[in-house]
Amino acid sequence: MAHNDRSRNVTQGVARSPNRAMYYAMGYRDEDFVKPMIGVANAHSTITPCNSGLQRLVDAAIAEIADGKCNSQVFGVPTVSDGIGMGTEGMKYSLVSREVIADGIETCVNGQWMDGALVVGGCDKNMPGAMMAIARCNVPAIFVYGGTVKPGHYKDKDLTIVSAFEAVGEFTAGRLSEQDFREIERRCIPGSGSCGGMFTANTMSSSFEALGMSLPYSSTMANPDSEKRDSAALSARVLVQAIEKGLRPRDIITRSSIENAVSLVMAVGGSTNAVLHYLAIAHAAQVEWTIDDFERVRSRVPVLCDLKPSGRYVATDLHRAGGIPQVLKILLANGQLHGECMTITGQTMAEVLAQVPERPDPGQDVIRPWEEPMYRQGHLAILRGNLATEGCVAKITGLKNPSMSGPARVFDSEDAAMEAILGDRIRPGDVIVIRYEGPKGGPGMREMLAPTSAIIGKGLGESVGLITDGRFSGGTWGMVVGHVAPEAYVGGAIALIREGETISIDAGRRLLQLHVSDQELEQRRARWTPPAPRYTRGVLAKFAKLVSSASKGAITDGDLSY
């Protein structure tokens with residue numbers, strides 16, 4: 001088997017090293033020391049259903065690696081369940097876990113000088129954390145998605161995790177009985193797999209197909225199905241071939257392939273978190289990509305898929321309708337995809353899609369044809385204005401009117417805002433401001449699924465706005481604007497808003513504006529003092545110290561030359 005330069009150093013080094021003793025203790029034989037060492041990053045855990053079904057996929061990959069005359073070196077990867085942590089102090093660890101995952105995989109792959117890496121992940125931060133590490137290490141690698149959960153069912157409706165959060169608002173508004181509330185809670189997640197709509201996990205995994213770092217069709221398979229296990233095994237086989245060819249991640253992750261991934265995110269109506277994560281992935285791959293590139297792509301790529309949270313269908317429906325390759329082929333046929341980009345299969349994207357029809361099956365309505373999109377332009381708009389001079393992200397699908405102006409209702413934490421929403425202190429026309437929840441201020445940039453779902457459940461989704469320096473769940477929809485930068489903790493204008501002042505959100509004009517003069521804002525800023533840090537020790541304190549602005553991806557390995 002041919003090795004790249006790095007592999008040759010590994011195998012020759014081990015073959016004549018006393019460190020072989022460590023391998024003998026694990027059952028290695030002399031002939032194993034000339035085989036490539038493939039790291040298998042295993043995110044299996046019983047913390048969350050997103051990851052509880054991963055072990056059989058890891059086992060399938062390990063068996064295929066052995067068949068390919070390679071050695072697998074398995075190590076664990078931590079995960080945090082966003083669905084469990086949502087609305088609690090624990091949610092502050094979610095974005096932090098992206099960095100922990102990236103650092104952990106990099107540490108094992110580079111610390112043991114592995115020849116390749118196969119990462120198996122499920123919950124939201126597994127995907128970007130893995131891809132950041134893969135790009136940093138730059139040894140042949142592939143990502144294996146654990147698969148989506150199948151939808152739950154109750155009273156002839158498909159359910160997802162968001163159904164449970166929205167039910168809280170409906171119940172407190174008196175629009176849902178306690179029995180129905182409990183049944184939705186019990187039935188919305190029927191088994192293993194990641195949240196079923198086009199939320200963050202499915203957004204990121206789907207985009208990895210477009211990026212070229214995962215196998216076609218793999219991101220919309222359901223975790224319990226046998227095809228998911230087969231896909232994991234095939235992924236391992238493809239990785240062995242990539243090691244033979246010396247095909248590395250940075251041969252695949254380029255400016256053009258990131259543009260393909262972001263185009264796919266727009267076409268499927270994906271999560272706002274994709275903005276944050278692709279800024280971080282591009283940084284890890286040393287690819288030039290800025291927040292304004294998302295707006296450039298949005299302006300030319302329509303939303304083609306009718307998917308939850310703002311649409312009707314879930315990932316398993318998308319899979320039956322042709323999956324991500326069908327969406328990619330529509331983009332390619334209409335000049336919105338770089339077909340020359342290399343993929344982990346060793347084929348270009350155009351070659352991978354060669355047998356996929358240019359038009360979706362007319363017998364389904366999950367994927368729309370190019371000329372009949374859900375929306376003519378993408379749904380993730382980058383807004384600027386005096387409240388977001390570095391930019392912010394608005395998700396504008398599902399809205400009858402993507403603009404509003406109203407009085408600010410100001411809260412210095414998610415918890416305080418949630419109390420006001422459930423306590424019926426928010427009125428139609430209000431613009432809720434949740435601040436000091438940014439990367440540094442939270443710290444950790446919590447997702448606001450609980451308050452946004454409560455707003456929807458209260459029947460205020462079309463009439464109430466919400467802006468925050470925190471994040472939103474992929475399951476969020478409504479008149480919401482997140483990632484406001486600069487954040488409150490560093491003196492951004494969001495810290496200077498006073499109760500009742502008028503705020504305008506205008507997605508059409510890509511504007512987020514506080515109707516206060518620049519002179520007044522400067523006077524307020526001169527009097528403003530930052531709050532004391534909420535954490536002074538541990539991982540949250542380290543994160544707050546190192547993390548960049550959300551407009552740069554909330555990365556922790558930026559300029560460390562101090």
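In the predicted model, Asn138 is buried, with a relative accessible area of 17%; the residue falls below the 20% limit under which a position counts as buried. Asn138 is found in the loop that links helix H6 (126–137) to strand S4 (141–145). When neighbours within four places in sequence are set aside, the contacts of Asn138 are with Arg248, Pro249 and Arg250.

The strand that follows this loop belongs to a sheet. Four strands make up this open sheet, in the order S2-S1-S3-S4, with parallel pairing. Strand S2 (71–76) and S4 are the edge strands, each of which pairs on one side only. From one strand to the next, the twist averages 20 degrees. Within the sheet, strand S1 (residues 37–42) is joined to S2 in the parallel sense over six bridges, and Met37 has Asn71 in S2 as its bridge partner. In general, the strands of a sheet pair through backbone hydrogen bonds, in either a parallel or an antiparallel manner. Helix H10 (residues 226–245) lies across S1, strand S3 (116–121) and S4, and runs at about 175 degrees to S4. Because an angle over 145 degrees counts as roughly antiparallel, H10 is roughly antiparallel to S4.

A further set of pairings involves strand S9. Strand S9 (residues 403–411) and strand S13 (residues 502–506) run antiparallel and are joined by five bridges. In this pairing, Pro407 stands opposite Thr502 of S13. With strand S10 (residues 431–434), by contrast, S9 pairs in the parallel sense, over four bridges. Here Val410 stands opposite Val433 of S10.

Contacts between helices were examined next. The axes of helix H9 (residues 200–211) and helix H16 (residues 323–333) come within 10 Å and cross at roughly 55 degrees. This angle lies outside the ranges for roughly parallel, roughly perpendicular and roughly antiparallel axes, and H9 and H16 are therefore oblique to each other. The crossing of the two helices is right-handed. On the H9 side the contact involves Ser206, Glu209 and Ala210, which meet Ile324, Pro325 and Leu328 in H16. By residue class, this contact of H9 with H16 comprises four nonpolar residues, one polar residue and one charged residue. In an α-helix there are 3.6 residues a turn, so residues three or four places apart point the same way.

Pro325 also takes part in a contact with a loop residue, Val356. Val356 lies between helix H17 (349–352) and strand S7 (380–385), in the loop that connects them. Val356 and Pro325 are 31 residues apart in sequence, yet their C-alpha atoms are 7.0 Å apart in space. Not counting residues up to four places away in sequence, Val356 touches Tyr217, Pro325, Gln326 and Lys329. With a relative accessible area of 10%, Val356 is buried.

Burial is also a feature of helix H14 (residues 291–298). Six of its eight residues are buried, so H14 is largely enclosed by the rest of the structure. The buried positions are Ile291, Asp293, Phe294, Glu295, Val297 and Arg298. These residues of H14 pack against helix H12 (255–268), helix H13 (273–284), S7 and strand S8 (388–395).

Several loops contain particular backbone geometry. Gly442 and Pro443 are joined by a cis peptide bond, with omega at about -20 degrees; Pro443 is placed in the loop between S10 and helix H19 (449–457). Another cis peptide bond joins Ala485 and Pro486, with omega at about 5 degrees. Pro486 is situated in the loop between strand S12 (479–485) and S13.

Positive phi values occur in two aspartate residues. For Asp156, phi is near 65 degrees, a positive value in a residue other than glycine. Asp156 is located in the loop between strand S5 (152–154) and strand S6 (157–159), and it counts as exposed, at 85% relative accessibility. For Asp424, phi is near 60 degrees, again a positive value in a residue other than glycine. Asp424 has its place in the loop between helix H18 (414–422) and S10. At 42% relative accessibility, Asp424 counts as partly exposed, since a value over 50% is needed for a residue to be called exposed and one under 20% for it to be called buried.

How values were computed
Residues are numbered from 1 along each chain as its sequence is written. This is a predicted model: local features need pLDDT of at least 70, side-chain atom pairs count only at pLDDT 80 or more; totals for chains, interfaces and linings use all residues. Side-chain values use heavy atoms; hydrogens and water are left out. Axes are lines fitted to C-alpha atoms, for helices over the stretch in contact, and angles run from 0 to 180 degrees between N-to-C directions. Angles under 35 degrees count as roughly parallel, over 145 as roughly antiparallel, 65 to 115 as roughly perpendicular and the rest as oblique. A crossing is left-handed if the near helix is turned anticlockwise from the far one by less than a right angle, and right-handed if clockwise. Contact means heavy atoms within 4.5 Å. Ala, Val, Leu, Ile, Met, Phe, Trp, Tyr, Cys and Pro count as nonpolar, Asp, Glu, Lys and Arg as charged, and the others, Gly among them, as polar. Two strands pair if DSSP finds at least two bridges between them. Buried means under 20% relative accessible area, exposed over 50%, partly exposed in between (1.4 Å probe, protein chains only).
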